[in-house]
Amino acid sequence: MRAHHVAVAAAIMAVLATSACSVGSSVRPPAASVPPRDRLRDGLLTQDRLPHGLKLMTEQIDSTTTGAPHTLSTVPLASMPCSQLAVASFMTAHAHPAKDVAVAVEQEHIVGDDYGWFGQGSLDRYAPGRAAAVMAAVRGVARRCTAYTDTLFDGSRTHNTVSVTRADARADDSLVLRVASTFSGDTDPFITETGFVREGDVIIMVQKMVARNPKTVLSPAVAACRAATAG
């Protein structure tokens, strides 16, 4: 069953802010000589900030590429299907950030029955005032989709439960969205967990899949974003 979980994770990974990331960033306006997109990209997770045992997936993807899908959905976040909550690209597809950059992360070594750590860190910048509405929409979807059934690409069905808690982050807003998916005949759930931290009009996200190991990456992601705008 571990192979099935990992295969599903690979399929999901093939698809997964005022103008700065620091709290009170209006005190430190970004230098006019630096393009906004470069500032956002500079705030991504770097290898030196990751917990021991995790690495950036720079061999598989461009670590500074946009995370936005090629085709944006016309369905807004508040109305999207519940099954989209476990897909890495649901924010860029349904919430349409003005700018988005992402980097993928994986566990270096998988031992025994450990499912491994797969995920990504993202920075999404929205128009002024829009990020707060997006966070409210995420909470609204979670309330609407507390339990649902989904059919995967291979025809198997999952029973899913969704919960939201507050993230341990000092920011304008934060939450952790957790989707636990149980396959037929298997009591060990597949976990997709996304941490959201809003600072002004930027939403910092870290999404992890499969991992049993509770490595914390949201705090390093917030630190990286703030460091990029601290100078």
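In this predicted model, the side chains of aspartate 172 and arginine 198 come together in a salt bridge, at 3.9 Å from N to O. The contact ties together distant parts of the chain: aspartate 172 sits in the loop between strand S5 (157-165) and S6, arginine 198 belongs to strand S7 (residues 190-199), and 26 residues separate them. The two partners differ in how they face the solvent. Aspartate 172 has a relative accessible area of 48%, so it is partly exposed, while arginine 198, at 15%, falls under the 20% cut-off and therefore counts as buried.

That bridge is one of five salt bridges found across the whole structure. Another pairs arginine 139 with aspartate 173, with the closest N and O atoms 2.9 Å apart. Here too the partners come from distant parts of the chain, with arginine 139 in helix H4 and aspartate 173 in strand S6, 34 residues apart. Arginine 139 comes out as partly exposed because its relative accessibility is 25%; aspartate 173, at 14%, counts as buried.

Next up is the pair glutamate 193 and arginine 178, whose closest N and O atoms are 4.0 Å apart. This one runs from strand S7, which holds glutamate 193, to strand S6, which holds arginine 178, and the two are 15 residues apart. Glutamate 193 is partly exposed at 22% relative accessibility, and arginine 178 is partly exposed at 35%. Neither residue stops at a simple pair: Arg178, Glu193 and Lys208 are linked in a network of salt bridges.

Stepping back to the overall fold, the protein has five helices and eight strands. Along the sequence they line up as α-α-β-α-β-β-α-β-β-β-β-β-α. Of the 231 residues, 49% are buried. The protein exposes about 10700 Å², and carbon and sulfur atoms account for 55% of that area.

As for the interior, the largest nonpolar core contains 24 residues, and the members that touch the most others are Leu77, Leu85, Phe90, Met91, Leu177, Phe196 and Ile203. At least two residues of this core come from each of H3, H4, strand S6 (173-183) and strand S8 (202-209). H4 supplies the largest share, with seven residues. There is also a second, separate core, made up of 22 residues, among them Leu54, Val105, Val176 and Ala221.

Met91 is worth a look of its own. Setting aside neighbours within four places in sequence, methionine 91 is in contact with Leu77, His96, Pro97, Asp124, Tyr126, Val134, Val138, Phe196, Ile203 and Met205. Leu77, Phe196 and Ile203 appear both in this contact list and among the best-connected members of the largest core.

Finally, there is the covalent crosslink. The structure holds one disulfide, formed by cysteine 82 and cysteine 145, with their sulfur atoms 2.0 Å apart. The disulfide joins distant parts of the chain, 63 residues apart: cysteine 82 is in the loop between strand S1 (54-56) and helix H3 (90-94), and cysteine 145 is in the loop between helix H4 (130-144) and strand S4 (147-151). The torsion about the S-S bond is about -75 degrees, so the disulfide is left-handed. Both cysteine 82 and cysteine 145 are buried.

Terms used:
Residues are numbered from 1 along each chain as its sequence is written. This is a predicted model: local features need pLDDT of at least 70, side-chain atom pairs count only at pLDDT 80 or more; totals for chains, interfaces and linings use all residues. Side-chain values use heavy atoms; hydrogens and water are left out. A disulfide is a pair of cysteine sulfur atoms within 2.5 Å. Helices (H or I, at least four residues) and strands (E, at least two) are DSSP runs, numbered from the N terminus. Buried means under 20% relative accessible area, exposed over 50%, partly exposed in between (1.4 Å probe, protein chains only). Accessible areas come from the Shrake-Rupley method with a 1.4 Å probe; for residues, only the protein chains shown count as cover. A nonpolar core is a set of buried Ala, Val, Leu, Ile, Met, Phe, Trp, Tyr and Cys residues joined through side-chain atoms within 4.5 Å. Contact means heavy atoms within 4.5 Å.
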